[in-house]
Amino acid sequence: MATQPYKTIGLLGGMGPEATVDLFRRIVRATPATCDQEHLHILVDNDPSVPDRTEALLSDNLEPVVEKLTAMAQRLEAAGADFLIVPCNTAHYFLDRVRLTVSIPFLDMIEETVTSLCREHPAQRTVGLLATTGTLRTRLYPRRAEKVSLTVVEPPATDQAAVMAAIHSVKSRGANADAASVFARVAAGLVAAGAQAVIAGCTEIPLALDATSVSVPLVNPAEELAQAAVRMALGADA
């Protein structure tokens, strides 16, 4: 890959920090570079003080999250980012407002994931969703999926409570066997309910859940976002 002025990526991080590191690593691995100088310029604003997105949604207290995300986006634009990415599924609910405050585009992780599902797994028309309660309540994935005639299956309430506890466990303890077991068990329940693929729709989930633990394709939105970011930075989507 010859060196040239590729686009600069702006990454709104800290939601959570380990998921931010995971996305950064995926971008590096997805870049077709043969030396340091051929890698991409990535600006990271790792601000873990962004309020909990699910709590904000459930309490209808959106402004503090919008204000934090807006400040991060504006800082990254001022620092030279050409486009922005956010490694948090639930945060995408707030981006319609944040987009209005900057002049550079956001890549949409939800859109990239659904597009990849249709491209890579065209026969799978029913997908299971492991995600935060905030992502489920706002129907981020079903709203995109319905446009391409995909059906989304979600966990029952008791399983969803276990998923949320496991997500918080990963945030506090890192990847651990207990969380992995919960994610795998609930994913199996989604498959039993008809899911032909499962979306790991919270960036903490694939930190603990290995694809080999799920009997159907496990789609990782962080990987889809990383691939899309590399394509945009290199101009491959032009």
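Biologist: In what order do the four strands of the open sheet sit?
Modeller: A heads-up first: this is a predicted model, where local features need pLDDT of at least 70, side-chain atom pairs count only at pLDDT 80 or more, and totals for chains, interfaces and linings use all residues. Residues are numbered from 1 along each chain as its sequence is written, and side-chain values use heavy atoms, with hydrogens and water left out. Strands (E, at least two residues) and helices (H or I, at least four) are DSSP runs numbered from the N terminus, and two strands pair if DSSP finds at least two bridges between them. Here the pairing is parallel, and the order is β5-β4-β6-β7.

Biologist: Which strands stand at the edges?
Modeller: Strands of a sheet pair through backbone hydrogen bonds, either parallel or antiparallel. Two strands here have a single partner strand each, so one side of each is left without a neighbour in the sheet. They are β5 (151-153) and β7 (218-219).

Biologist: Which residue in β7 stands opposite isoleucine 199?
Modeller: Strand β6 (residues 197-200) and β7 pair in the parallel sense, over two bridges. The β7 residue facing isoleucine 199 is valine 219.

Biologist: How far apart do the C-alpha centres of the two domains lie?
Modeller: The domain bounds come from an automatic or database domain assignment. Domain 1 covers 9-108 + 223-234, and domain 2 covers 109-221. Between their C-alpha centres, the distance is 20 Å.

Biologist: Which three residues supply 35% of the area that domain 1 buries against domain 2?
Modeller: Buried area is the accessible area (1.4 Å probe) that two parts lose on being put together, summed over both. Between domain 1 and domain 2 that comes to about 2000 Å², with 52% from carbon and sulfur atoms. On the domain 1 side, no other three residues supply more than Asn89, Asp108 and Glu224.

Biologist: How many salt bridges are there between domain 1 and domain 2?
Modeller: A salt bridge here is a side-chain nitrogen of Lys or Arg within 4 Å of a carboxyl oxygen of Asp or Glu. Glutamate 112 forms one with arginine 231, the closest N and O atoms being 3.4 Å apart. The whole structure has 15 salt bridges. Between the two domains, the count is two.

Biologist: Which element gives the most residues to the side of domain 1 that touches domain 2?
Modeller: Elements giving two or more residues to that side are α1 (17-30), α2 (53-58) and α11 (221-234). The top giver, with five residues, is α11.

Biologist: How many residues apart in sequence are the parts tied together by glutamate 223 and arginine 26?
Modeller: These two form a salt bridge, with the closest N and O atoms 2.9 Å apart. Glutamate 223 lies in helix α11 and arginine 26 in helix α1, so the separation in sequence of the parts they tie together is 197 residues.

Biologist: What is the omega of the cis peptide bond from methionine 15 to glycine 16?
Modeller: Most residues other than glycine have a negative phi, and most peptide bonds are trans. Glycine 16 is in the loop between β1 (9-13) and α1. The bond leading to glycine 16 from methionine 15 is cis, with omega near -5 degrees.

Biologist: What is the positive phi of arginine 139?
Modeller: Arginine 139 lies in the loop between α6 (133-137) and α7 (140-146). Although this residue is not a glycine, its phi is positive, at about 55 degrees.
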